[in-house]
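Me: Please take a close look at one part of this model, namely any space enclosed within the protein, and describe what surrounds it. I should like a connected account that also sets this part in its context.
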Amino acid sequence: MPLSISDLFKTGIGPSSSHTVGPMVAANRFLDELREKNLLDNVSRVKVDLYGSLAMTGQGHATDIATLLGLLGERPDQVDPDRVPEYISQIDEQKQLNLAGERLIPFDRKTDLPFNFGESLPKHPNGMRFYAFDAAGMVTIDSIYYSIGGGFVLSDAEIDQQDNGSDTQNVPYLFNNGKELLEVCQQANLTIADVVLANEKTRLGSDEAVKESVLGIWHVMDNCIRRGYQQTGILPGGLKIRRRANELYRELTEKPEKALKDQLSVMDWVNLYAIAVNEENAAGGRVVTAPTNGAAGVIPAVLAYYDRFVPGSDEDGIVRFLATAAAIGMLYKQNASISAAEVGCQGEIGVACSMAAGALCAVLGGTNEQVENAAEIGMEHNLGLTCDPIGGLVQVPCIERNTMGAVKAINAARLALRGDGQHHVPLDSVIETMRQTGLDMQDKYKETSTGGLAVNVVAC
């Protein structure tokens, strides 16, 4: 601890940070390993085995497609989503894969990228095993990677060390939990955002570079909202879910006089922002993990609410919002999980709601104690939230669930601002409760599509 803001908010493509972004990153790391060992030129075949939740819901989450993109050398923050179908059809038609964009090898998805249903690797539900073979058919590399949520990927050795890959050296403020974060803020007479931004400055070199980096995150989020409400049609995957953001946007803009009669019409805008983002995510568009793709709409929706509806909102406020949200996300990442395959949807929507609640409280003038209270409220009322996507797709209940998380976050911030920061349940306690609840939760409610709505609603 602490992680970087960019660790919590990564630019990638939908529909899932753990099942799409993570596998692409893992494939990139596999290629790096081949290069480091000077083995890339000798590869005659590769095979990737998918296990656990990556196998159970991988087809609906485009895990196979993401893995192929990673093997091609494409990276989550740079790949053109519009060209993905072209890349995949070329592999399937030619039965060949241009490994790292440098070496053409035979590849058949049926045999070289199997979904091992009902099998798991021992250290995390989202496991992948990469093999490289030489011309004699001998294995030259056998590497295991785990996609642990939010686009984070650890090797078999790293997961034993709980190494998240972030540089914690030379940052001025270290904290491991909410209590320590508040103590650091009190001792230094800083806000939570100040602490995170000071650490970020150590990494990026200047206040200007930090501001540019953080605003870059917001610009991707904002563009995703705007793209989302411009699109129409049916979402991919077979559920035949109709995109709703465009129609909702037209209703709100073509009949603005309705807002004069309905004091809660701002809620419709918040719903619009969240739906727009998560429809883009479901369609494989460019989104920001916040802290995951399945929950990618909550924080952008609440931040758009601040940007468009709160008097006095400005770029500095946007930076403080995202810095505060990142601090809260770091606490969950360090002490519990942001992986639905590990703890259910409380680790995605619940964490996003908590992050957004604390962040909004901060930019509305809340004290550090009120921010911590808002974050606690945001999670306390998401405890036990299961992950049971119908058809293994990040659509139902995921898209609407983001609207609920966003509205709940706004209410949590307002509740906290009406108090003095003193409350009965500390944020650290609710984070630990979330972790324990995730351990107790049956696997069928952890992104496997074998329980809940996934089996009680006909998929097609």
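Reply: The domain bounds used here come from an automatic or database domain assignment. The model is a predicted one, and every value below is computed from it.

The context comes first. The assignment divides the protein chain into domain 1, residues 15–160, and domain 2, residues 178–455. Taken over C-alpha atoms, the centres of domain 1 and domain 2 are 29 Å apart. Their contact involves 24 residues of domain 1 and 25 residues of domain 2. The size of an interface is often expressed as the accessible area that is lost when the parts come together. Here domain 1 and domain 2 bury about 1600 Å² between them, and carbon and sulfur atoms account for 56% of that area.

UniProt carries two annotations, both from an unreviewed entry. It lists "domain: Serine dehydratase beta chain" at residues 4–157. In the model, residues 4–157 are 36% helix and 25% strand, with 22 Å between the end C-alpha atoms. The other UniProt feature, "domain: Serine dehydratase-like alpha subunit", is placed at residues 188–454. Residues 188–454 are 63% helix and 1% strand, and the end C-alpha atoms of that span lie 49 Å apart.

Now to the enclosed space. Rolling a probe the size of a water molecule over the atoms shows where empty space remains. With a cut-off of 30 Å³ or more, the count is two cavities.

The largest cavity holds about 130 Å³ of space. It is lined by 19 residues, of which Gly 294, Glu 348, Cys 387, Val 394 and Cys 398 are the closest to its centre. Two elements give two or more residues to this lining, helix H2 (17–36) and helix H19 (398–417). H19 gives the most, with three residues. In character, the lining of the largest cavity comprises eight nonpolar, seven polar and four charged residues. Domain 1 and domain 2 each contribute at least three residues to it.

Two cis peptide bonds can be placed by reference to the helices just named. One runs from Gly 14 to Pro 15, with omega near 10 degrees, and Pro 15 is in the loop between strand E1 (11–13) and H2. The other joins Val 396 and Pro 397, with omega about 10 degrees, and Pro 397 is in the loop between H18 and H19. For comparison, most peptide bonds are trans, and most residues other than glycine have a negative phi. Ala 62 has a positive phi, near 60 degrees. This alanine, Ala 62, lies in the loop between helix H3 (53–56) and helix H4 (63–72).

The second largest cavity has a volume of about 50 Å³. Its lining consists of Gly 178, Leu 181, Leu 182, Ile 192, Ile 328, Leu 331, Val 371, Glu 372 and Leu 427. By character, seven of these residues are nonpolar, one is polar and one is charged. At least two lining residues come from each of helix H8 (178–188), helix H15 (315–335) and helix H18 (368–380). H8 supplies the largest share of the lining, three residues.

To draw the account together, what sets the largest cavity in its context is a lining that takes at least three residues from each of domain 1 and domain 2, with H2 and H19 each giving two or more residues. For the second largest cavity, the corresponding elements are H8, H15 and H18.

Conventions: Residues are numbered from 1 along each chain as its sequence is written. This is a predicted model: local features need pLDDT of at least 70, side-chain atom pairs count only at pLDDT 80 or more; totals for chains, interfaces and linings use all residues. Side-chain values use heavy atoms; hydrogens and water are left out. On a 1 Å grid over the protein atoms alone, a cavity is a set of points where a 1.4 Å probe fits but cannot get out, and a pocket is an open set with protein on both sides within 12 Å along at least five of seven lines; lining residues have an atom within 4 Å of a point. Grid points are joined across faces, edges and corners, and a volume is the space filled by probe spheres set on the points. Helices (H or I, at least four residues) and strands (E, at least two) are DSSP runs, numbered from the N terminus. Ala, Val, Leu, Ile, Met, Phe, Trp, Tyr, Cys and Pro count as nonpolar, Asp, Glu, Lys and Arg as charged, and the others, Gly among them, as polar. UniProt positions are given in the numbering used here, feature names are shortened, and annotations may be inferred rather than shown by experiment. Contact means heavy atoms within 4.5 Å. Buried area is the accessible area (1.4 Å probe) that two parts lose on being put together, summed over both.
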